[in-house]
Amino acid sequence: MSRRNLLVGLLAIPPVTLLGFPFSLPKSKPLLGGPLPPLGQPAPDFTLSTNTGNGTLSLADFRGQWVVLYFYPKDFTSGCTLEAQRFQRDFRQYQSRNTQVLGISADDVDTHAQFCDAEGLQFPLLADVDGAVSRRYGSWLAPLSLRNTFVVDPQGILQAQFIAVSPVTHSAEVLARLDSLQLASLQRS
């Protein structure tokens, strides 16, 4: 169980008595990792070092296509490896939906390159070594990024967020949500 899920579970406990004194939890539960960027607003832009291309990528580089930003704790760990494998397994489906997948963690570029080589990943991994971008997306619990995902539309607007995801089913959930977002976008046009 993740620390975030544990904390959320503890915060859901009704008022209790602690050492004989009434104790109640605050009505608003602070989010572990910080505030999330609001849906329907421009996604926080960034430029980070990467293991591919010219060495850096910016969110703005992908205007005109959908972007899946997935934050994850650490390369070469079991859950993160499984999540990356699922995104890679479904990568052609993302491409057919005009969607770029970007993985973000606090690992450095060299570790990302080794991870991509070991797992055959064809999408970029971005090095958020100081957690600055993870913080802007409410996804930082020093020294690691939290397992959260965000979907950004071709105009750079944040359209969906997935918090504390399950690596096993996550890519399929993102694809299903992406389909519904793209259908809604077509119906509005």
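A residue is called buried when its relative accessible area is under 20%, exposed when that area is over 50%, and partly exposed in between, using a 1.4 Å probe and protein chains only. By this measure Cys 116 is buried, with a relative accessible area of 5%, and Cys 80 is buried as well, at 1%. With a disulfide taken as a pair of cysteine sulfur atoms within 2.5 Å, the count comes to zero disulfides.

This is a predicted model, in which local features need pLDDT of at least 70 and side-chain atom pairs count only at pLDDT 80 or more, while totals for chains, interfaces and linings use all residues. Residues are numbered from 1 along each chain as its sequence is written, and side-chain values use heavy atoms, with hydrogens and water left out.

Helix α2 (a DSSP run of H or I, at least four residues, numbered from the N terminus, as strands are for runs of E of at least two) covers residues 78-89 and reaches 16 Å from its first C-alpha to its last, close to the 16 Å expected at 1.5 Å a residue, that is, 1.5 Å times one less than its number of residues. Its buried residues include Cys 80, Glu 83, Ala 84 and Phe 87, and the buried residues of α2 pack against elements including β5, α4 and α6.

The largest nonpolar core (buried Ala, Val, Leu, Ile, Met, Phe, Trp, Tyr and Cys residues joined through side-chain atoms within 4.5 Å) has 23 residues, and Tyr 70 and Phe 87 are among those that touch the most other members. Helix α6 gives the most to this core, with four residues. Apart from it lies another core, of 17 residues, among them Ala 43 and Leu 57.

Key. Contact means heavy atoms within 4.5 Å.
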